[in-house]
Amino acid sequence: MSSLRDLARKIEDLLPRPVRLMEVCGTHTVNIFRYGLRSLFTDKLTLISGPGCPVCVTPQEEIDYLIAAASKPDVILATFGDMIRVPGSQGSLKEARARGANVKIVYSPLDALKIAKENPDYKVVFAAVGFETTAPAVAVAVLEARKEKIPNIYFAVSHRTMPEAMRALLGSGEVRLDGLILPGHVSTITGARYFSFVSEEFSLPAVVAGFEAHQIMHGIYLLAKQIAEGRAEVEIAYREAVSWEGNPMGKQLIRKVFEPCDVRWRGLGLIPQSGLRLRDEFRDFDAKEVLPLELPQAKETPGCLCGEIICGRATPPECKLFAKVCTPETPKGPCMVSSEGTCAAWYAYGTEQVS
Ligand code: SF4
């Protein structure tokens, strides 16, 4: 670890002023905490977590929809495991399951197709939550469902795309930032050029970094170097997985099945064209079209600061519920549930020193 400490000193020596860098990827967030990277720096360099956890940015009304759909007697709700404990306005999917709702955890969107074929008397709704990273796999499942003419599979699409949210955050002026560690997983699909607006429109340095401690630190070093040299560019420090153009097949799958739409983000509100919905030709698979549900006004847990934390405007210890009533065993907001959530990472690792 001494080499990481040495690198941290080298980074701080480069900096002409105190800086604030934001990571916009949930896996970076959790690894920054896991490796204790925050503790390597003095107040000359502050790391801030951004809206990089897909479960965390999904607003309450979309979680409420999933819980209400799962509660229908003729519905099986298929979801990745990280959604199951996220609190909606009236409890979580896990609590709904304890009341008799048919909720199944799956590991791939294709698993939901299998469940649909095995349960022809049920409507199977797949909770399609995630960024550009997971959208291609869901697109494959939609295309497969059409090819196999599966009549009882539906997709509750809550996909979101990063650039518009980042523009909203950077354009708000509410959070002062000096550089961005760009989303690594998203960039494997989209390519790094997708984020060129960060330097072009906001004159901010940005680096795509890998996920190991030394890779994240190398990304931070490149950001510090840009700041020291007065440059604002997008750089790739994760060439093993990320190119400028990304994965053409993944991008084509997204374009083929989805189109942009306006969606709300927790903490950021309604952002035009920042979501994905199924194209018209796939509307028969759209859960919200086939299974429209009247829902009461969504309510968030009083005192939960997830919306502020997602935008870098607050840290978990500023939430009065943190580590008291809100823990990983008793989560009151999505940031404490998801393995990529800032509150869960802070609770698990705090700001402990690197050993
Ligand atoms: Fe929300 Fe819990 Fe985090 Fe507070 S500690 S912001 S209640 S998830």
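**Pockets, cavities and a ligand**

Q: By class, how many charged residues does the lining of the second largest pocket have?
A: In the lining of the second largest pocket, the classes are five nonpolar, three polar and one further group, the charged residues. Keep in mind that this is a predicted model. The charged group in that lining has six residues.

Q: What is the volume of the second largest pocket?
A: To find the pocket in the structure, look for T161, Y194, I254, R255 and L276, which lie nearest its centre among its 14 lining residues. Helix 12 (248-257), strand 10 (258-265) and strand 11 (269-278) each supply at least two residues of this lining. The volume of the second largest pocket is about 250 Å³.

Q: Why does the second largest pocket lie between two domains, and which are they?
A: The protein chain is divided into domain 1, domain 2 and domain 3. The second largest pocket lies between two of them because both give residues to its lining: domain 1 (2-46 + 163-236) and domain 2 (55-161 + 247-290).

Q: Which residues lining the largest pocket are the closest to its centre?
A: Let's move on to the largest pocket, with about 350 Å³ of space. Of the 23 residues that line the largest pocket, the closest to its centre are P54, D82, G130, T134 and E340.

Q: Which element gives the largest share of the lining of the largest pocket?
A: Four elements each supply at least two residues of this lining: helix 2, helix 3 (54-57), strand 5 (123-130) and helix 9 (184-190). By class, the lining of the largest pocket divides into 12 nonpolar, nine polar and two charged residues. The largest share is three residues, and it comes from strand 5.

Q: What is the volume of the largest cavity?
A: Now for the cavities. The count of cavities of 30 Å³ or more comes to three. In the largest cavity, the volume is about 80 Å³.

Q: Of the residues that line the largest cavity, which are the closest to its centre?
A: The lining of the largest cavity has 11 nonpolar, one polar and one charged residues. For the cavity with a volume of about 80 Å³, 13 residues form the lining, and the closest to the centre are C304, C306, C319, C326 and C343.

Q: Where does the ligand sit?
A: Around the ligand you will find C304, L305, C306, I309, C319, L321, F322, C326, K332, G333, M336 and C343. By class, this shell has 10 nonpolar, one polar and one charged residues. The ligand sits in the largest cavity.

Q: Why does the second largest cavity lie between two domains, and which are they?
A: G50, G52, C53, E340 and T342 lie nearest the centre of this cavity, out of 13 lining residues. Helix 2 (26-34) and helix 14 (306-310) each supply at least two residues of the lining. The cavity lies between two domains because both give residues to its lining: domain 1 (2-46 + 163-236) and domain 3 (306-349).

Q: How much space lies in the second largest cavity?
A: Its lining divides into seven nonpolar, five polar and one charged residues. The space in the second largest cavity is about 70 Å³.

Q: How many residues does the contact take from domain 3?
A: The centres of domain 1 and domain 3, taken over C-alpha atoms, are separated by 22 Å. Contact between these two domains takes 11 residues from domain 1, and from domain 3 it takes nine residues.

Methods:
Residues are numbered from 1 along each chain as its sequence is written. This is a predicted model: local features need pLDDT of at least 70, side-chain atom pairs count only at pLDDT 80 or more; totals for chains, interfaces and linings use all residues. Side-chain values use heavy atoms; hydrogens and water are left out. A residue is near a molecule or strand if one of its heavy atoms lies within 4 Å of it. On a 1 Å grid over the protein atoms alone, a cavity is a set of points where a 1.4 Å probe fits but cannot get out, and a pocket is an open set with protein on both sides within 12 Å along at least five of seven lines; lining residues have an atom within 4 Å of a point. A molecule sits in a cavity or pocket if more than half of its atoms lie within 2 Å of its grid points. Ala, Val, Leu, Ile, Met, Phe, Trp, Tyr, Cys and Pro count as nonpolar, Asp, Glu, Lys and Arg as charged, and the others, Gly among them, as polar. Grid points are joined across faces, edges and corners, and a volume is the space filled by probe spheres set on the points. Domain bounds come from an automatic or database domain assignment. Contact means heavy atoms within 4.5 Å.
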